[in-house]
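Ready for some practice in reading a protein structure? Work through each exercise with the structure open beside you, and try it yourself before you read the solution.

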Amino acid sequence: TFDMNLCLTEVLNILKPLYLKKQIAINNRILPDTLIMADYQKLQQIFFNIVSNAIKFTSEGGKIEITAKSTKKYITVHIKDNGIGIASKHHKKIFKKFEQINPSSTEGMNSTGLGLTITKELVKMHNGTIKVESELTKGATFSITMPIKSIVA
């Protein structure tokens, strides 16, 4: 059991040089003492993968907002950016191995195409789900829902 806000704050500290260089404002609205029973390192990797993608695909001066809502059994974290967005026809494709989209808009950006595949598997290990809502040019919101008490397989 640990504080999800602290876990996210550590990830944001690692990514700070990247988002400061692009002058991206990151607003972490996850309240302190938002407790979850999960694998700390795996949750860090989930946050790292999603937030680093948000930074990569958000233009200079953009913004990223991170919020969480919980019930007695589940917590949902929303990571929303105002970046380039993802066409609806690609929403399922982005979670598949080695899949990349928008080659012209991501030119010069290195990627293996595994980040979201790994993220989806890590979320599944916690009996959770991940989904994306997005339109081209209108940013993306990744939503991760996990049980507050996860037993990682």
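## Exercise 1: Following the strands

Seven bridges link strand E4 (residues 63–70) with strand E5 (residues 74–81), and the two run antiparallel. The model you are looking at is predicted.

**Task.** Find what joins E4 to E5, and find the bridge partner of Val77 in E7.

**Solution.**
1. Start with the connection: a hairpin of three residues leads from E4 to E5.
2. Now look across from Val77 in E5, where Ala68 stands opposite.
3. Turn to strand E7 (residues 140–147), which pairs with E5 in the antiparallel sense over eight bridges.
4. In E7, Val77 has Ile144 as its bridge partner.

## Exercise 2: Checking a helix

**Task.** Work out what span the 17 residues of helix H2 (residues 40–56) should have, and compare it with the distance between the end C-alpha atoms. Then find the residue that caps the N-terminal end of H2.

**Solution.**
1. The expected span is 1.5 Å times one less than the number of residues, so H2 should span 24 Å.
2. The end C-alpha atoms of H2 are 24 Å apart, which agrees.
3. For the cap, go to Asp39: one of its side-chain oxygens lies 3.1 Å from the backbone nitrogen of Gln41.
4. As an extra, look for the buried residues of H2, among them Leu43, Phe47 and Val51.

## Exercise 3: Into the core

**Task.** How many residues does the largest nonpolar core have, and which have the most contacts inside it?

**Solution.**
1. The largest nonpolar core has 37 residues.
2. Those with the most contacts inside it are Ile26, Leu43, Phe47, Val51, Ile66, Ile79 and Phe142.
3. Elements giving two or more residues to this core include helix H1 (4–21), H2, helix H3 (115–125) and strand E6 (129–134).
4. Zoom in on Ile79: leaving out residues up to four places away in sequence, it touches Phe47, Ile50, Val51, Ile66 and Phe142, among others.
5. As background, nonpolar side chains tend to be buried together in soluble globular proteins.

## Exercise 4: Classifying a residue

**Task.** Is Thr145 buried, partly exposed or exposed? Which side chain does its own side chain make a polar contact with?

**Solution.**
1. Locate Thr145 in strand E7.
2. Buried means under 20% relative accessible area and exposed means over 50%. Thr145 has 22%, so it is partly exposed.
3. The side chain of Thr145 makes a polar contact with that of Thr76, at 2.8 Å.
4. Beyond four places away in sequence, Thr145 also touches other residues, including Tyr74, Val123 and Gly128.

Key
Residues are numbered from 1 along each chain as its sequence is written. This is a predicted model: local features need pLDDT of at least 70, side-chain atom pairs count only at pLDDT 80 or more; totals for chains, interfaces and linings use all residues. Side-chain values use heavy atoms; hydrogens and water are left out. Two strands pair if DSSP finds at least two bridges between them. Helices (H or I, at least four residues) and strands (E, at least two) are DSSP runs, numbered from the N terminus. Buried means under 20% relative accessible area, exposed over 50%, partly exposed in between (1.4 Å probe, protein chains only). A polar contact is a pair of N or O atoms within 3.5 Å; within protein, one must be able to donate a hydrogen and the other to accept it, and residues adjacent in sequence count only if both atoms are side-chain atoms. A nonpolar core is a set of buried Ala, Val, Leu, Ile, Met, Phe, Trp, Tyr and Cys residues joined through side-chain atoms within 4.5 Å. Contact means heavy atoms within 4.5 Å.
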